[in-house]
Amino acid sequence: MAAPAAVLPRPRTEFAGRASRRRLRSVPAQAGPVARLELGNPLQLTKTMRARLLAAVRALVTSPALAGASDGTRLASVVLTAKADALKDFETSIWAEELGRWLGVSQSTVAHTVLPELRGAGFLGSNVAVNNIGWATGLECWVIPMYRAQQAGDRRHALALSRSELAVLLSLITVLFGPGWEPKDKPVIPAGLLAGRTGRGAATDRLGLLLMVLTTGSAGWLQLCPGTVDTDRGRPAATVARLLGCTAAAGAKVLKRLQEHGVADVVRKETGSGLNAQSRVRLVPVAKAHGVAVREARRIADAVFSDLAGTASGDLESGETGETLVATGIEGVEQDGIAESADLAATAQHHALHASRVTPGGSLALSGGFSGEGRGGEGRRPERVCVREEQAVDGGTAVAGSGSPVAAGGPLCGEKPKRSSVDEWAGQRAAGAGAGGRPKAAGWEKAQQQRGVALPADLGLRVVLGPVAWLWERLSGWQQDQVEAAAKAELGRMAGLGVAPEGAPRLLADRLTDRLEETGGEAMVTGPYGWLIRRGLPQRQACSHRKCDDGTRLDTGEDCENCGNVIHFRRARRARIGAGIDRELPGLAASERRRVLEEQLRARALIEAEDLEQRRELARAREVRRDAAREAAAEQASRERQAAAAADAARQALACAGCGRGRAAGLCEACDHRRQAEALIGEAGLLAAAGSADLSDPGSIAAAVAGARTAIGDSTAAAWQEFLEITDVTTLEAAPRAAADAYAYTAFQAAQQAVGEYQGDALVMLGRTKEAEAEARRAHTTELGRPWFRRNPTGADAVAAATKAAGIARGRVAERLLAARLEQLDERAADRPEKPTSWTVRLPELAARQLRADSSGAVIA
């Protein structure tokens with residue numbers, strides 16, 4: 001059984017009054033023994049290598065090109081990438097049968113499913129390798145996305161793996177599911193862990209194991225997914241499902257099969273009632289590779305505020321050793337930050353068994369206010385639960401409590417509580433006060449009930465305020481409301497800094513515990529309200545980093561790196577100033593040198609303080625200017641919106657400029673459609689001329705434009721006739737304006753359709769020019785020269801890719817020629833005289849003319 005890891009104590013220093021403060025440290029001491037890594041063991045990956053390989057594998061299996069592909073196809077892309085030879089343009093040679101052994105499928109599946117899917121997605125280029133006499137010796141394969149990433153030269157790309165990284169990936173998949181082989185004159189390569197798992201689902205299991213190993217820390221614990229999961233399947237199954245991109249039911253099946261093969265172990269936390277409320281997944285080979293005993297006594301955290309809604313927990317016992325393990329509330333710090341997560345989100349976690357003995361402690365951080373342990377004292381409270389056990393309260397038979405918010409009213413050794421220790425402490429506080437040496441005035445219990453002595457009902461706030469429960473009872477009702485609001489605000493601010501919502505209450509409770517220790521205990525706090533609001537709850541940044549709290553990162557719980565940098569800069573400055581003193585004033589005594597050094601350091605600190613204050617003044621001035629600019633911009637935007645609304649209202653009241661219809665916003669729908677149709681007819685004529693006319697002959701251009709106009713007019717007439725056949729003519733005659741609108745819209749639709757047709761015809765005609773054909777031939781030749789088509793340029797894949805590239809090139813040239821010819825037509829149209837006045841303008845003038853008496857009714861303009 002492996003020895004439990006040593007707990008790294010927080011760095012502290014003692015001051016007068018027994019108050020302690022957290023002291024920054026630059027290099028933490030090593031905690032506990034370190035497993036010696038084996039050279040060349042692929043299961044002992046560093047964090048950098050694991051992150052690099054995980055990014056590459058995810059880039060392959062989650063590629064949009066493989067959407068809908070089978071798991072065997074996705075796993076094949078990983079295997080072929082790992083086997084790529086960096087010295088041969090990242091090419092690999094393999095048989096279909098050998099690839100099937102890697103995937104756990106048959107040769108037929110590889111030949112009829114895996115390889116066609118990879119080629120169809122444009123993910124794989126392959127040629128048949130032959131020997132000198134023409135016999136096939138295998139397949140030469142390129143994973144095209146990796147080849148392009150390597151050719152791009154960007155080492156930050158996920159698939160731009162180095163030669164050593166490819167070797168590590170190949171070694172890892174060999175250990176996990178390699179088929180194993182016996183090379184000549186070389187050591188035997190044993191089969192992988194899942195080499196015997198073949199048939200249906202084998203590729204899925206192998207891919208899942210690979211992703212799980214790359215998502216696992218050095219202790220072997222799989223990092224479970226956050227958020228809401230399917231309560232019928234559990235969080236481990238949901239994690240596997242998200243890794244593979246499948247359903248939770250499929251993820252549960254994969255996890256079960258991996259358990260059966262002994263490569264995964266689902267460790268479930270058993271509650272007092274025998275239910276399984278939480279679970280973790282340990283990858284057995286990873287844990288063994290790092291020297292972690294798989295069946296060691298597992299440390300069970302106290303999950304006071306986890307993702308189980310409405311769940312509370314107490315002190316827990318170790319699983320096999322019987323030792324009482326104290327939880328910190330930040331789980332998994334020693335396991336690469338992988339914390340326990342609830343298996344069933346809707347299952348309430350029951351109160352666990354208490355410890356077999358009471359563990360005296362000197363800090364409230366032991367359990368945050370839960371029963372089952374004693375409290376170290378300052379001479380003001382008993383250290384053990386057994387103290388005053390024989391004293392009765394008010395002549396009764398009840399045993400007096402200790403008066404501690406952590407252990408007061410808690411059960412004796414061997415007993416089990418019936419409810420949470422925080423609730424018991426709130427109910428037993430009045431009884432324990434008389435025996436605890438704190439005299440209470442008459443009517444004290446009634447006054448406390450009126451003020452609401454009990455901690456808030458919210459579980460998170462109960463965890464936060466547990467260490468200061470005695471201070472809480474000394475607050476008035478209004479003060480309790482203010483402290484509760486301040487605690488909620490601090491929890492929200494911590495969530496904004498990246499702290500997990502389930503861990504924020506425990507972090508805030510630890511902060512209050514540390515501040516109490518600095519003060520000297522609750523007895524030294526003379527003003528509870530002011531202490532909680534101004535000293536206990538607020539964050540204290542030891543440096544400029546916004547997530548720093550007394551030298552500790554709030555989001556990770558580790559030492560603040562920025563604080564280490566500050567300490568390094570200060571030490572360097574002190575060394576630099578000391579060197580200057582030794583150079584300028586040699587021979588000074590040690591005391592005199594120290595005095596001069598302190599004076600110069602103090603002067604430097606004053607200069608920096610003045611500089612900081614100046615920069616703050618400048619920042620405040622800039623903020624004032626920004627606020628004024630925002631207000632001015634807001635006022636300007638408001639004025640512009642009002643002006644726009646007024647202009648829009650005035651525009652809506654205008655009559656139509658074409659037909660005079662009232663309140664048409666200057667142009668009614670029918671006139672707008674007529675104008676758009678006229679513009680589209682002109683555009684169609686230009687496209688027709690650009691595609692087929694001789695631009696040097698004005699007559700040819702005019703004929704093409706006229707032909708397009710005539711064709712559009714015929715299409716409009718045919719469309720209108722079809723509309724009349726399906727519409728009641730009587731209704732149109734009763735509403736002539738609606739009929740005019742319908743006709744205008746029909747003409748607009750016909751012109752719009754004609755523009756698309758003429759543009760397509762023009763591109764087809766221009767794609768047959770000499771320029772387009774020459775560009776198509778060049779693109780065809782270039783595509784056949786690709787490395788993956790060089791060995792078999794007449795193959796079906798090569799011909800199809802070359803034909804596609806030629807078509808794209810021909811289309812690009814046709815579009816460029818069309819744009820150039822349209823530009824020439826626009827220049828020619830700009831040189832022509834102005835067009836005659838349209839009939840819309842001329843008809844009102846003609847209608848105003850006086851007709852002769854012998855007029856026959858015809859008007860000739």
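In this predicted model, helix α18, which covers residues 561-584, packs against helix α19, which covers residues 590-652, with the two axes 10 Å apart and an angle of about 130° between them. Angles from 65 to 115 degrees count as roughly perpendicular and those over 145 as roughly antiparallel, and α18 and α19 are therefore described as oblique to each other. Their crossing is right-handed. On the side of α18 the contact is formed by R573, R574, I577, G578, I581 and D582, while α19 contributes R593, V596, L597, E598, Q600, L601, R604 and E608. Sorted by class, the residues in this contact of α18 with α19 are five nonpolar, two polar and seven charged.

A second pair of helices can be read in the same manner. Helix α21 (residues 698-725) and helix α23 (residues 736-766) have axes that come within 9 Å of each other and cross at roughly 135°, and α21 and α23 are therefore oblique to each other. The crossing in which α21 passes α23 is right-handed. From α21, the residues that make the contact are G707, A708, A711, I712, S715, T716, A719, W720 and F723, and they meet A739, A742, Y743, T746, A747, A750, A751, A754 and Y758 of α23. When the residues of this contact of α21 with α23 are divided by class, 14 are nonpolar, four are polar and none is charged.

Two further helices can be followed by their length and by their burial, where a residue counts as buried if its relative accessible area is under 20%. Helix α16 runs over residues 504-519, and at 1.5 Å a residue its 16 residues should span 22 Å, which agrees with the 23 Å that separates its end C-alpha atoms. Because 16 of the 16 residues of α16 are buried, this helix is largely enclosed by the rest of the structure. Just after α16 comes G520, which takes a positive phi of about 110°. Helix α7, made of the 13 residues 202-214, reaches 19 Å from its first C-alpha to its last, close to the 18 Å expected at 1.5 Å a residue. In α7, 13 of the 13 residues are buried, so this helix too is largely enclosed by the rest of the structure.

These helices belong to a chain that holds 26 helices and 12 strands. Of its 861 residues, 39% are buried. Among the contacts in the chain with a separation of 6 or more, 59% are between residues 24 or more positions apart.

Definitions and conventions: Residues are numbered from 1 along each chain as its sequence is written. This is a predicted model: local features need pLDDT of at least 70, side-chain atom pairs count only at pLDDT 80 or more; totals for chains, interfaces and linings use all residues. Side-chain values use heavy atoms; hydrogens and water are left out. Axes are lines fitted to C-alpha atoms, for helices over the stretch in contact, and angles run from 0 to 180 degrees between N-to-C directions. Helices (H or I, at least four residues) and strands (E, at least two) are DSSP runs, numbered from the N terminus. Angles under 35 degrees count as roughly parallel, over 145 as roughly antiparallel, 65 to 115 as roughly perpendicular and the rest as oblique. A crossing is left-handed if the near helix is turned anticlockwise from the far one by less than a right angle, and right-handed if clockwise. Contact means heavy atoms within 4.5 Å. Ala, Val, Leu, Ile, Met, Phe, Trp, Tyr, Cys and Pro count as nonpolar, Asp, Glu, Lys and Arg as charged, and the others, Gly among them, as polar. The expected span of a helix is 1.5 Å times one less than its number of residues. Buried means under 20% relative accessible area, exposed over 50%, partly exposed in between (1.4 Å probe, protein chains only).
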